[in-house]
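Visitor: I am new to this structure and would love a close look at one part of it. Could you show it to me first?

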Amino acid sequence: MSTSRPAGTRTPTLVYVIAAGIFLMGTTEFMIAGLLPEAAADLGVNVAQAGLLVSAFAAGMIIGPPVMALATLRLPQRATLVLSLVGFAVGHVVAALSDSFAVVTISRVITALATGTFWAVGAVVATTIAGPPGASTRALSVMSGGLSLAVIAGVPLGTFVGQFTGWRGPFWMLAVLALLAIVPLLRIMPSKLDTHGSDVSVRRELATLRPWRLWLVLGAIMLAQAGFLGAYSYLSPLLTERAGIPAALVPLVLVGFGIGALGGTMLGGRLGEQRPFTTVAAAFALSSLALITLALTASHSTIVVALVVLLGATGLGANPVLIAQTLRQAGNSSTLASSLATAAFNLGTAIGAALAGATLSTSWGLIGPAALGAVITGSALLPVGLLAATTARCRIPAAPDPDGRPELSDHVHA
């Protein structure tokens, strides 16, 4: 498979296969929240304790990706993606078979490790086979679209299946689908795909983390996720208690969020091809504006629903551009840098949810998460502005040569 593709060509089929894997992994990440009451009753714990199943997955997604990126560094990337899907399936089978809450919790960590590894390696593969920077951003938007589809279809489907089969049913379903996804991956992906270069080493991977602009991108990711997903974590009570939306209609509103996210991801991938920092800055600014407007108009149901859809589009629309910039600043082939982007997304989510939850006990009440989210998301414009100002004047360092000296690649427009 050629890794050199002219701009404007079709997105390779392999990217869609990777997106299908991301769909399964996004489904398990968000679906568990809707299954907690059933899982808690079956495992003999209360709902608060069952919440550790969510925390365990988040912890695995923060710590696991960088560790697994180095642990699997010398494995062929096809083998790494296949083993990630196998680990994902095994984690779900163990959870579905066990009556022990501790074992199920450990299985969630295993699942998160597999998910983080698949995300990190999949992003590197997608950018490599797509070709030039513009095409790679578009490929990442397709890959990230798998997560948006998980919100739209995967999570509701998993919750629906769980209502008839118990919480274990969706786990069996995801395990089987993950194993089935291995078949097209093996058929389409070449056994040898050169993304690392000839001298794969931990030293070389660590060298890709030297550019300070890389850390600005990671900081922007963490701040934006903390603000946006911190507010999203407490969206349901805002919808029911302040906007007056019936609880039965909340899933439909969240589907609207997912539809907005899918559209925003695809649009962001297109717009971010030539103007990545402008696209990211616009997404952050609109997200911040939408969150503050949500806090000010929380009692108006129609406005709130429209803002939720807008939040889906702007909050997730910048993600493929941010991932592409992480890889570009590190030299495009760094699995470790890709894994740090995955960790930054999840660390931001964890910190944002904790800070947003603390605002509920203040005088702001249910609008506190949205108000705080607007401030935090808006602060992400600072590293983006610095990136745009410096990148416009400089050439971006690409992957270091075998001696550890960074090469230089063409700059991108702000």
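Visitor: Leaving aside its neighbours within four places in sequence, which residues is Leu81 in contact with?

Guide: Happy to help! This is a predicted model, in which local features need pLDDT of at least 70 and side-chain atom pairs count only at pLDDT 80 or more, while totals for chains, interfaces and linings use all residues. Residues are numbered from 1 along each chain as its sequence is written, and side-chain values use heavy atoms, with hydrogens and water left out.

Beyond those sequence neighbours, Leu81 is in contact with Phe118, Val121, Gly122, Val125, Leu185 and Met189; contact means heavy atoms within 4.5 Å. Leu81 itself sits in helix α4, residues 77–97, where helices are DSSP runs of H or I with at least four residues, numbered from the N terminus. With 0% relative accessibility, Leu81 counts as buried (under 20% relative accessible area; exposed is over 50%, partly exposed in between, with a 1.4 Å probe and protein chains only). Leu81 and Leu186 are 105 residues apart in sequence, yet their C-alpha atoms are 9.6 Å apart in space.

Elsewhere, a search of the whole structure finds 2 salt bridges, each a side-chain nitrogen of Lys or Arg within 4 Å of a carboxyl oxygen of Asp or Glu. In one, the closest N and O atoms of Asp42 and Arg168 are 2.7 Å apart. Asp42 belongs to helix α1 (residues 13–43) and Arg168 to helix α7 (residues 168–188), so this pair ties together parts 126 residues apart in sequence. Arg168 also forms a salt bridge with Asp99, at 3.1 Å between the closest N and O atoms. Asp42, Asp99 and Arg168 are thus linked in a network of salt bridges.

Conventions. Helices (H or I, at least four residues) and strands (E, at least two) are DSSP runs, numbered from the N terminus.
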